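Open the model in your viewer and keep the selection panel at hand. The tour goes from one selection to the next and says what is there.

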Amino acid sequence: MQTTAKTPRTARKVLIWASAIIVVALAIFIYVRFYFVFGEGVKSGQLNFIVHKGYIFKTYEGRMIQVGYRSASGTIQSNEFEFSVTDPAVAKELEMKSGRMLDLHYKEYLGRLPWRGMSKYVVDRIESDRTAAGEQTPPPAFPDGVQ
């Protein structure tokens, strides 16, 4: 009879330990997937737009055009960098610099969160504005006059 008395206690301990391991594993997964900064860097290009949008969570979303990349055929094509902005002060500053050549510092996450934005890339500051004061950014050059 002693073995049967220990079995419910042992089963309860196993259940408690298994539940604790599952909770810890889930917490680690959520942290790595959504809060761990996978990469940081700076992207340079012409700021195309920044908008404040969303149904439930209003977030700032933007796009920057990076020019000068060559495709396999040897023609010049543009590369777009889509990003989110969590800081309203940075977003307002970007709104004022639309169309200018900027260097943006960003953080890359492995997953997206609805309140952080629609992109895995989150811009946290403007590194530099490469457009001189009062100077307009020229439109990208198209090869052979094709637009």
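Which residues does F83 touch, not counting residues up to four places away in sequence? Select F83 and display its contacts: L47, I50, Y60, E61, G62, R63, M64, L94, L104, S119, Y121 and V123. Keep in mind throughout that this is a predicted model.

**The whole chain**

Zoom out and colour by secondary structure. The chain has two helices and five strands, and from the N terminus the order of elements is α-β-β-β-α-β-β. Of the 147 residues, 27% are buried. Among contacts with a separation of 6 or more, 58% are between residues 24 or more positions apart. Switch to a surface view: the accessible surface is about 10500 Å², and carbon and sulfur atoms contribute 60% of that area.

**The largest nonpolar core**

Return to F83 and add V85, L94, L104 and V123 to the selection. The largest nonpolar core has 15 residues, and these five touch the most other members. Two or more residues of this core come from each of strand 1 (37-53), strand 2 (59-70), strand 3 (76-85), helix 2 (88-96), strand 4 (101-109) and strand 5 (121-129). Two of the named core residues, L94 and L104, are also on the contact list of F83.

**Helix 2**

Select helix 2 next and look down its axis. Its buried residues are V90, A91 and L94. Seen from this direction they fall within an arc of 100°, so they line one face of the helix. The general geometry is familiar: an α-helix has 3.6 residues a turn, so residues three or four places apart point the same way. On the face turned away from the buried side, select A89 and M96, which are exposed.

Now move to the N-terminal end of helix 2 and show D87. This residue caps that end, with a side-chain oxygen 3.2 Å from the backbone nitrogen of A89.

**The aromatic cluster**

Show the aromatic side chains. There are five aromatic pairs in the structure. Start with F81 and Y121: the ring centres are 5.5 Å apart and the planes stand at 65°, so this pair is edge-to-face. The pair joins distant parts of the chain, with F81 in strand 3 and Y121 in strand 5, 40 residues apart. Are F81 and Y121 buried or partly exposed? F81 has 4% relative accessibility and counts as buried, while Y121 is at 25% and counts as partly exposed.

Add Y106 to the selection. The rings of Y106 and Y121 have centres 5.7 Å apart and planes at 75°, so this pair is also edge-to-face. It links Y106 in strand 4 to Y121 in strand 5, 15 residues apart. Y106 is buried, with a relative accessible area of 11%. Finish this stop by adding F83: ring pairs link F81, F83, Y106 and Y121 into a cluster.

**E80**

The last stop is E80, in strand 3. This residue is partly exposed, with a relative accessible area of 43%. Which residues is E80 in contact with, leaving aside its neighbours within four places in sequence? Display R63, M64 and I65 to see them. For I65, draw a distance from C-alpha to C-alpha: E80 and I65 are 4.7 Å apart in space and 15 residues apart in sequence. R63 and M64 also appear among the contacts of F83, where the tour began.

Definitions and conventions
Residues are numbered from 1 along each chain as its sequence is written. This is a predicted model: local features need pLDDT of at least 70, side-chain atom pairs count only at pLDDT 80 or more; totals for chains, interfaces and linings use all residues. Side-chain values use heavy atoms; hydrogens and water are left out. Helices (H or I, at least four residues) and strands (E, at least two) are DSSP runs, numbered from the N terminus. Buried means under 20% relative accessible area, exposed over 50%, partly exposed in between (1.4 Å probe, protein chains only). Contact means heavy atoms within 4.5 Å. Accessible areas come from the Shrake-Rupley method with a 1.4 Å probe; for residues, only the protein chains shown count as cover. A nonpolar core is a set of buried Ala, Val, Leu, Ile, Met, Phe, Trp, Tyr and Cys residues joined through side-chain atoms within 4.5 Å. The arc is that of the directions from the helix axis to the C-beta atoms. A polar contact is a pair of N or O atoms within 3.5 Å; within protein, one must be able to donate a hydrogen and the other to accept it, and residues adjacent in sequence count only if both atoms are side-chain atoms. Rings of Phe, Tyr and Trp (its six-membered ring) pair if their centres lie within 6.5 Å; planes under 30 degrees apart count as stacked, over 60 as edge-to-face and the rest as tilted.
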